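Work through these exercises with the model open beside you. Try each task before you read its solution.

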Amino acid sequence: FQGLLTANTVARWLGANVGEDLVSLSETTIGQVLAHTEDRDHVDFVARDTTLADVLERFLAHEKLGKRLEAILITHDGRPAAKPLGIIVTYDLAKISRLLEA
């Protein structure tokens with residue numbers, strides 16, 4: 001895991017480069033944009049056998065701390081160094097809540 005490319009990260013990168021007359025997207029690397037990423041606290045990792053209830057609780061726990069969890073990456077064993085198998089983002093929370101209510 002190197003970082004999560006979010007709209008906020010892109011906005012920060014654009015803001016840092018607004019003084020330039022022309023920004024070339026074809027010459028800009030993801031690494032250059034990721035240099036403007038927010039704290040790594042906005043991403044969490046879970047193992048593939050983690051329950052949906054636990055996933056929802058992780059999003060809620062971050063919210064209670066006044067932080068926004070942008071995504072949870074799923075790996076085989078939940079380690080950030082492992083190959084990602086999937087991603088859960090805030091957009092998925094409504095569907096997860098419906099599944100848990102069923």
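**Exercise 1. A residue between two helices**

Task: Find what Thr28 touches, leaving out residues up to four places away in sequence. Then decide how exposed Thr28 is.

Solution.
- Step 1. Not counting residues up to four places away in sequence, Thr28 touches Trp13, Val23 and Val33.
- Step 2. Place Thr28 in the chain: it sits in the loop between α1 (7–16) and α2.
- Step 3. Note that this is a predicted model. The relative accessibility of Thr28 in it is 21%.
- Step 4. Buried means under 20%, and exposed means over 50%. Thr28 therefore counts as partly exposed.
- Step 5. Now look further off. Thr28 and Lys67 are 39 residues apart along the chain, and their C-alpha atoms are separated by 29 Å.

**Exercise 2. The view from Val33**

Task: Say where Val33 lies, and list its contacts beyond four places in sequence.

Solution.
- Step 1. Val33 belongs to helix α2.
- Step 2. With neighbours within four places set aside, Val33 is in contact with Leu5, Thr9, Val10, Trp13 and Thr28.
- Step 3. Its relative accessible area is 9%, so Val33 is buried.
- Step 4. Compare a residue that is far along the chain. Val33 and Lys64 are 31 residues apart in sequence, and 29 Å apart from C-alpha to C-alpha.

**Exercise 3. Two loop residues**

Task: Locate Asn17 and His42. Is Asn17 buried or exposed? Is His42 buried or exposed?

Solution.
- Step 1. Asn17 is in the loop between α1 and α2.
- Step 2. The relative accessible area of Asn17 is 15%, so it is buried.
- Step 3. Asn17 and Glu38 are 21 residues apart along the chain, with 17 Å between their C-alpha atoms.
- Step 4. His42 is in the loop between α2 (30–34) and β1.
- Step 5. The relative accessibility of His42 is 7%, so this residue counts as buried.
- Step 6. Beyond four places in sequence, the contacts of His42 include Leu4, Thr6 and Thr37. Arg68, Leu69, Glu70 and Ala71 are also in contact with His42.

**Exercise 4. Build the sheet**

Task: Give the strand order of the sheet. Which strands stand at the edges?

Solution.
- Step 1. The sheet is open, has 3 strands, and runs in the order β1-β2-β3. Its pairing is mixed.
- Step 2. β1 and β3 (84–89) are at the edges. Each has a single partner strand, so one side of each has no neighbour in the sheet.
- Step 3. From one strand to the next, the twist averages 25°.
- Step 4. Take the first pair. β1 and β2 (residues 71–75) run parallel, joined by 5 bridges. Ala47 has Thr75 as its bridge partner in β2. The chain gets from β1 to β2 through helix α3 (residues 52–64), in a right-handed β-α-β crossover. Val46 pairs with Ile74 in β2.
- Step 5. Take the second pair. β2 and β3 run antiparallel, again with 5 bridges. Ile74 has Gly86 as its bridge partner in β3. Ala71 stands opposite Val89.

**Exercise 5. Is there a bare face?**

Task: Which residues cover the two faces of β1, and which cover those of β2?

Solution.
- Step 1. On one side of β1 are Val43, Phe45 and Ala47; on the other are Asp44 and Val46. All are buried.
- Step 2. That makes 5 of the 5 residues of β1 (residues 43–47) buried, so the strand is largely enclosed by the rest of the structure.
- Step 3. On one side of β2 are Ala71, Leu73 and Thr75; on the other are Ile72 and Ile74. All are buried here too.
- Step 4. In β2, 5 of the 5 residues are buried, so β2 is largely enclosed by the rest of the structure.

**Exercise 6. A helix pair**

Task: Describe how α3 and α4 cross, and name the residues that meet.

Solution.
- Step 1. The axes of α3 and α4 (residues 93–101) come within 10 Å and cross at roughly 135°.
- Step 2. Angles from 65 to 115 count as roughly perpendicular, and those over 145 as roughly antiparallel. The two helices, α3 and α4, are therefore oblique to each other.
- Step 3. The crossing of α3 and α4 is left-handed.
- Step 4. α3 brings Leu52, Ala53, Val55, Leu56 and Phe59. They meet Leu93, Ile96, Ser97, Leu99 and Leu100 of α4.

Key
Residues are numbered from 1 along each chain as its sequence is written. This is a predicted model: local features need pLDDT of at least 70, side-chain atom pairs count only at pLDDT 80 or more; totals for chains, interfaces and linings use all residues. Side-chain values use heavy atoms; hydrogens and water are left out. Buried means under 20% relative accessible area, exposed over 50%, partly exposed in between (1.4 Å probe, protein chains only). Helices (H or I, at least four residues) and strands (E, at least two) are DSSP runs, numbered from the N terminus. Two strands pair if DSSP finds at least two bridges between them. A crossover is right-handed if, with the strands pointing away from the viewer, the path from the first strand over the helix to the second runs clockwise. Axes are lines fitted to C-alpha atoms, for helices over the stretch in contact, and angles run from 0 to 180 degrees between N-to-C directions. Angles under 35 degrees count as roughly parallel, over 145 as roughly antiparallel, 65 to 115 as roughly perpendicular and the rest as oblique. A crossing is left-handed if the near helix is turned anticlockwise from the far one by less than a right angle, and right-handed if clockwise. Contact means heavy atoms within 4.5 Å.
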